[in-house]
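Subject: Structure for your review

Dear colleague,

Please find below the structure that I am handing over to you. My findings follow it.

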Amino acid sequence: TPLAPPRPSPERLQTAINLYSTRLSGMVLFVDGSLSLFSSPIEEFYKICGQSIDFHFPALDLQLQNVVELLPLISEQRIPTPSFDSPVIKASSQTDPKSLHEGDTYITRHSNLSEVHVIFHLVSSDEVASIDLPSRHPVITGLRNVLNLAFQHDVYVLSVPLLLVNQMQPEMTVNWCVKRAELVLKCFKGFMLENSHLASNYPRTIQFLVPAEISREMFEHFSAMIPTVFRVSTSMTIKS
């Protein structure tokens, strides 16, 4: 997998060679908004990053610290301008200057991982693993923003957890998984159509990742859904 522990391999060498190319690889990692190295899955990711030296980019903790320093500015930009309809803005947890909101994304860069140059840390919450998400949920909007960034900045391979979670939970039934996968696939189809004007001569690849705990039958079901959702009409050439 893209987040496998670094090891000497042709894959890591090829990733390093492509580091300053126009064909980068990225991955979406769901995190909470605390920006703490001791929160899951940041802690595990930090250990993986620490298994080899990154000679090109700052260490993960330094990159996270840069995000923390920008939080007050981000918080100021969130505050809407008072209007006659709403002259007073009530304080809430959504205006906490020390944390990010659900759907926010921050980016870290790496040269010592296998198959990945850019990590899109997308802020999510525990409820994402237990509710039926609407298409306008902040996490779905965050995925749309991630894909927009990928198309604009030469990220040609993007890996995304299909179920929008990092690991399976007991409450995730078969029906829930199928419904979630269908939602994500259809949303990505729409997002890709939105960015079709940014198409280039090189094909772009979206890799949908699934938890290791799912059954083979479920994996095959997900695989069959992809050509159904991303149906492409074939052209017919008639020669007279």
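A cavity, as the word is used here, is a set of grid points where a 1.4 Å probe fits but cannot get out. Please note that the model is a predicted one.

**Cavities**

With that meaning of the word, a search of the whole structure returns 2 cavities of 30 Å³ or more. The second largest cavity has a volume of about 30 Å³. Its lining consists of Leu147, Ala150, Phe151, Val155, Tyr156, Leu158, Arg204, Thr205 and Ile206. Helix 4, strand 4 and strand 5 each contribute at least two residues to the lining of this second largest cavity. Sorted by class, that lining comprises 7 nonpolar, 1 polar and 1 charged residues.

**Pockets**

The largest pocket has a volume of about 910 Å³. It is lined by 30 residues, and those nearest its centre are Leu29, Pro41, Val165, Asn166 and Gln167. Strand 1 (24–31) and helix 2 (42–49) each provide at least two residues of this lining. Strand 1 gives the most to the lining of the largest pocket, namely 4 residues. In terms of class, the lining of the largest pocket is made up of 18 nonpolar, 7 polar and 5 charged residues.

For the second largest pocket, the volume is about 270 Å³. A total of 14 residues line the second largest pocket, and Val67, Leu70, Thr105, Tyr106 and Ile107 are the closest to its centre. The elements that supply two or more residues to this lining are helix 3 (60–78) and strand 2 (105–109). Helix 3 accounts for the largest share of the lining of the second largest pocket, with 6 residues. By class, 7 nonpolar, 4 polar and 3 charged residues line the second largest pocket.

**Nonpolar cores**

In soluble globular proteins, nonpolar side chains tend to be buried together. In the present model, the largest nonpolar core has 40 residues, and those with the most contacts inside it are Val28, Leu143, Leu158, Leu164 and Phe222. Two or more residues of this core come from each of strand 1, strand 3, helix 4, strand 4 (155–161), helix 5, strand 5 (205–209) and helix 6. Helix 5 gives the most to this core, with 9 residues.

Leu143 may serve as an example. Leaving aside residues up to four places away in sequence, Leu143 touches Val28, Phe30, Leu122, Val160, Leu164, Phe188 and Phe191. There is also a second, separate core of 19 residues, among them Leu71, Tyr106, Leu113 and Val116. One residue links two of these topics: Tyr106 belongs to the second core, and Tyr106 is also one of the residues closest to the centre of the second largest pocket. Likewise, Leu158 is among the residues with the most contacts inside the largest core, and Leu158 also lines the second largest cavity.

**Salt bridges**

How many salt bridges does the structure hold? There are 4 salt bridges. One of them joins Lys179 to Asp132, with the closest N and O atoms 3.5 Å apart. Lys179 is part of helix 5 (residues 174–194) and Asp132 is part of the loop between strand 3 (118–123) and helix 4 (138–152), so this pair ties together parts that are 47 residues apart in sequence.

Another salt bridge is formed by Arg144 and Glu194, whose closest N and O atoms are 2.9 Å apart. Because Arg144 lies in helix 4 and Glu194 in helix 5, the pair ties together parts that are 50 residues apart in sequence. Arg144 is partly exposed at 33% relative accessibility, and Glu194 is partly exposed as well, with a relative accessible area of 40%.

Arg216 and Glu220 also form a salt bridge, the closest N and O atoms being 3.2 Å apart. These two residues are 4 residues apart in helix 6 (residues 216–229), which means that about one helical turn separates them. Arg216 counts as exposed at 62% relative accessibility, whereas Glu220, at 42%, is partly exposed.

**Asp126**

Finally, Asp126 is placed in the loop between strand 3 and helix 4. With a relative accessibility of 73%, Asp126 counts as exposed. Its C-alpha atom is separated by 8.8 Å from that of Asp32, although the two residues are 94 residues apart along the chain.

With kind regards

Methods
Residues are numbered from 1 along each chain as its sequence is written. This is a predicted model: local features need pLDDT of at least 70, side-chain atom pairs count only at pLDDT 80 or more; totals for chains, interfaces and linings use all residues. Side-chain values use heavy atoms; hydrogens and water are left out. A salt bridge is a side-chain nitrogen of Lys or Arg within 4 Å of a carboxyl oxygen of Asp or Glu. Buried means under 20% relative accessible area, exposed over 50%, partly exposed in between (1.4 Å probe, protein chains only). On a 1 Å grid over the protein atoms alone, a cavity is a set of points where a 1.4 Å probe fits but cannot get out, and a pocket is an open set with protein on both sides within 12 Å along at least five of seven lines; lining residues have an atom within 4 Å of a point. Grid points are joined across faces, edges and corners, and a volume is the space filled by probe spheres set on the points. Ala, Val, Leu, Ile, Met, Phe, Trp, Tyr, Cys and Pro count as nonpolar, Asp, Glu, Lys and Arg as charged, and the others, Gly among them, as polar. A nonpolar core is a set of buried Ala, Val, Leu, Ile, Met, Phe, Trp, Tyr and Cys residues joined through side-chain atoms within 4.5 Å. Contact means heavy atoms within 4.5 Å.
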